[in-house]
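User: I would like to learn how to read a few features of a protein model, one at a time. Please give the general idea each time and then the case at hand.

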Amino acid sequence: MPAIRIQIMTVLENTFTDFYEAVFDTDRDRALEVVDHAVEQGLRPEDIIFSVVVPSIEKMLSELVDSQGATLSQHYICSKVAEEVTDRMVPLFTGRQERKGTVVIGTARGDFHGLGKKIVAGCLKANMYEVHDLGINVSAETFIEEALRVEADIIGVSSMMVHTAIGEEGARKVAALLDERGLHDRIFLIVGGAPYRFDHELYKKVNADGWSENAIEAVRVVDELVGRRA
């Protein structure tokens, strides 16, 4: 293996280690310093995103779910830093990197829990999706209007409480509006949040096209749905 390739791989491995340690410590400034240093050492922006940032999110989720070695707040900081780094690095890509698609995301009407949604948005951005985050307590009509405005492929509705997951003003109404306006063949609906983790069939009851248990799984679900149109 050429010496320069070995050197790049070493820099990449060190960058991943240092970046992950920084986000694990919830040190945003340190994480950004690691990225800046990596660019100075010659790492391509593409390598930083796909070989440092995305694997860090996946490792953090594994620590959170599998071993309880990380907390939700650490996972949140990791996703927010990932989003920030992605916004900085994508314009610097050496080759044209196409966006995979566009996602409109928000928390259902009557639900004011936004942490999980923000984590999902950060992961989607790091995986080359354009994300429009509508925030919390979002009406079904707003989801539809924004999806049409930005020509979204996916609407994602988060609910942390049972009554906002299955209520008439949540994802169920979004699905109904998509059907009424003849949009369901253009725009897919996905859902997520605690109620869906307790009942894996609940997404069908609100007429969603899919659901995700966590942020990494959300990326896979969105990839699959968007891929149906390819």
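User: How many residues of β3 are buried?

Analyst: Keep in mind that this is a predicted model. Buried here means under 20% relative accessible area. By that cut-off 5 of the 5 residues of β3 are buried, so the strand is largely enclosed by the rest of the structure.

User: Which residues of β3 lie on one side, and which on the other?

Analyst: In a regular strand, side chains alternate between the two faces of the sheet. In β3, Ile 154, Gly 156 and Ser 158 are on one side, while Ile 155 and Val 157 are on the other. Both faces are covered, and these residues are all buried.

User: What does β3 pair with, and in which sense, parallel or antiparallel?

Analyst: Look at the bridges and at the direction of the strands. β1 and β3 run parallel and are joined by 5 bridges. β3 also pairs with β4 in the parallel sense, over 5 bridges. Ile 155 is a useful marker for both pairings: Val 104 stands opposite Ile 155, and Ile 155 in turn stands opposite Leu 189 in β4.

User: Where does β2 come in, and how many bridges does β2 make with β1?

Analyst: β1 covers residues 101–107 and β2 covers residues 129–133; the two pair in the parallel sense over 5 bridges. One pair to look up is Thr 102, whose bridge partner in β2 is Glu 130. Between the two strands the chain passes through helix α5, residues 115–126, and this β-α-β crossover is right-handed.

User: What is in the loop between α5 and β2?

Analyst: Asn 127 is one of the residues there. Its relative accessibility is 14%, so Asn 127 counts as buried. Leaving out residues up to four places away in sequence, Asn 127 touches Val 54, Lys 100 and Val 219.

User: Now the charged residues. How many salt bridges does the structure hold?

Analyst: The general idea is that side chains of opposite charge can pair when their charged atoms come close. The structure holds 17 salt bridges. One of them joins Lys 125 and Glu 83, at 3.1 Å from N to O. Lys 125 lies in helix α5 and Glu 83 in helix α4 (residues 72–89), so the pair ties together parts that are 42 residues apart in sequence.

User: Are Lys 125 and Glu 83 buried or exposed?

Analyst: Lys 125 is buried, at a relative accessible area of 17%. Glu 83 is buried as well, at 13%. The two also belong to a network of salt bridges that links Lys 80, Glu 83, Asp 87 and Lys 125.

User: Which residue does Asp 133 meet in a salt bridge?

Analyst: Asp 133 meets Lys 117, at 2.9 Å from N to O. This pair links distant parts of the chain, with Asp 133 in strand β2 and Lys 117 in helix α5, 16 residues apart. The burial of the partners can be read separately: Asp 133 is partly exposed at 37%, whereas Lys 117 is buried at 2%.

User: What does a salt bridge within one helix look like, and where are its partners?

Analyst: An α-helix has 3.6 residues a turn, so residues three or four places apart point the same way. Here Glu 217 and Arg 220 both lie in helix α11 (residues 215–227), 3 residues apart, about one turn of the helix. Their closest N and O atoms are 3.5 Å apart. Glu 217 is partly exposed at 29%, and Arg 220 is partly exposed at 48%.

User: Which residues of α6 are buried, and what covers them?

Analyst: In α6, residues 140–150, the buried residues are Ala 140, Phe 143, Ile 144, Glu 146, Ala 147 and Val 150. Their cover includes β1, β2, β3 and α8. Just after α6, Glu 151 takes a positive phi of about 55°.

User: Last, the largest pocket: what is its volume, and which element supplies the largest share of its lining?

Analyst: The volume is about 560 Å³. The pocket is lined by 27 residues, and the closest to its centre are Gly 116, Val 120, Arg 197, Glu 213 and Asn 214. The largest share of the lining, 5 residues, comes from α5. Elements that each supply at least two lining residues include α3, α4, β3, β4 and α11.

Terms used:
Residues are numbered from 1 along each chain as its sequence is written. This is a predicted model: local features need pLDDT of at least 70, side-chain atom pairs count only at pLDDT 80 or more; totals for chains, interfaces and linings use all residues. Side-chain values use heavy atoms; hydrogens and water are left out. Two strands pair if DSSP finds at least two bridges between them. Helices (H or I, at least four residues) and strands (E, at least two) are DSSP runs, numbered from the N terminus. A crossover is right-handed if, with the strands pointing away from the viewer, the path from the first strand over the helix to the second runs clockwise. Buried means under 20% relative accessible area, exposed over 50%, partly exposed in between (1.4 Å probe, protein chains only). Contact means heavy atoms within 4.5 Å. A salt bridge is a side-chain nitrogen of Lys or Arg within 4 Å of a carboxyl oxygen of Asp or Glu. On a 1 Å grid over the protein atoms alone, a cavity is a set of points where a 1.4 Å probe fits but cannot get out, and a pocket is an open set with protein on both sides within 12 Å along at least five of seven lines; lining residues have an atom within 4 Å of a point. Grid points are joined across faces, edges and corners, and a volume is the space filled by probe spheres set on the points.
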